[in-house]
Amino acid sequence: MADTQQVDTQKAGQKAERKVARLAKEISAFAKAHGGAEGQVAYIGERGARIVLVGEDGGWGDLVAPTYEIAEQAVAKSGITVHESFDGEFAAKVTTGPYEWKRMAGIQIGG
């Protein structure tokens with residue numbers, strides 16, 4: 001019985017390592033495409049954690065990790081700067097375009 005539990009634990013650990021590597025690769029690709037990047041990790045409940053990325057060019061995006069720990073490991077592995085919160089100087093780096101403004105206006109008026 002103990003051997004089965006050990007194998008299951010090892011498999012779970014390997015799966016988590018693969019997810020960390022995959023997320024780190026995506027973060028690094030984003031950073032490369034946007035002249036560098038910074039990020040912030042936010043816990044989103046049972047769903048896991050959201051990694052918000054902001055490129056040096058103002059472009060932004062996000063990824064979802066299955067756990068907060070995996071998200072933290074992925075951003076650490078990618079080597080980007082990580083912020084505690086999404087406010088102030090960091091948030092001001094985001095560039096929004098016509099799509100975002102139209103989308104936000106549509107939400108406000110029920111569209």
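The exercises below, each with a worked solution, concern a predicted model.

**Exercise 1. The sheet**

Task: Find the order of the strands in the open sheet of four strands, and state which are the edge strands.

Solution:
- Step 1. Reading across the open sheet gives the order S3-S2-S1-S4, and the pairing is mixed.
- Step 2. An edge strand pairs on one side only, and this holds for S3 and for S4 (81-83).
- Step 3. Take the neighbours in turn: S1 and S2 run antiparallel and are joined by seven bridges, while S2 and S3 pair in the antiparallel sense over six bridges.
- Step 4. Neighbouring strands of the sheet are turned against each other by 25° on average, with direction ignored.

**Exercise 2. From S2 to S3**

Task: Describe how S2 and S3 are connected, and name the residue that stands opposite Ile51.

Solution:
- Step 1. Locate the strands: S2 covers residues 49-55, and S3 covers residues 60-65.
- Step 2. The two strands form a hairpin, with four residues between them.
- Step 3. In the turn, look at Gly58, which has a positive phi of about 95°.
- Step 4. Across the strand pair, Ile51 stands opposite Leu63 in S3.
- Step 5. Leu63 belongs to the covered face of S3, together with Gly61 and Ala65. The uncovered face holds Trp60, Asp62 and Val64.

**Exercise 3. The nonpolar core**

Task: State how many residues the largest nonpolar core has, and which element gives the largest share.

Solution:
- Step 1. The largest nonpolar core has 17 residues.
- Step 2. Those with the most contacts inside this core are Ile27, Ile51, Leu53 and Ile80.
- Step 3. Two or more residues each come from helix H1 (2-33), strand S1 (37-43), S2, S3 and helix H2 (68-78).
- Step 4. H1 gives the largest share, five residues.
- Step 5. Follow Ile80 as an example: among the residues it touches are Ile27, Leu53 and Val75. Gly39 is also touched by Ile80, and Gly39 stands opposite Leu53 in S2.

**Exercise 4. Helices and a lysine**

Task: Say which strands H2 lies across, then decide whether Lys25 is buried or exposed.

Solution:
- Step 1. H2 lies across S1, S2, S3 and S4, and runs at about 170° to S1.
- Step 2. Lys25 is found in helix H1.
- Step 3. A residue is called exposed when its relative accessible area is over 50%. Lys25 therefore counts as exposed, because its relative accessibility is 67%.
- Step 4. Lys25 and Lys77 are 52 residues apart in sequence, and their C-alpha atoms are 8.8 Å apart in space.

Technical notes
Residues are numbered from 1 along each chain as its sequence is written. This is a predicted model: local features need pLDDT of at least 70, side-chain atom pairs count only at pLDDT 80 or more; totals for chains, interfaces and linings use all residues. Side-chain values use heavy atoms; hydrogens and water are left out. Buried means under 20% relative accessible area, exposed over 50%, partly exposed in between (1.4 Å probe, protein chains only). Two strands pair if DSSP finds at least two bridges between them. A nonpolar core is a set of buried Ala, Val, Leu, Ile, Met, Phe, Trp, Tyr and Cys residues joined through side-chain atoms within 4.5 Å. Contact means heavy atoms within 4.5 Å. Axes are lines fitted to C-alpha atoms, for helices over the stretch in contact, and angles run from 0 to 180 degrees between N-to-C directions. Lists of a residue's contacts leave out its neighbours within four places in sequence.
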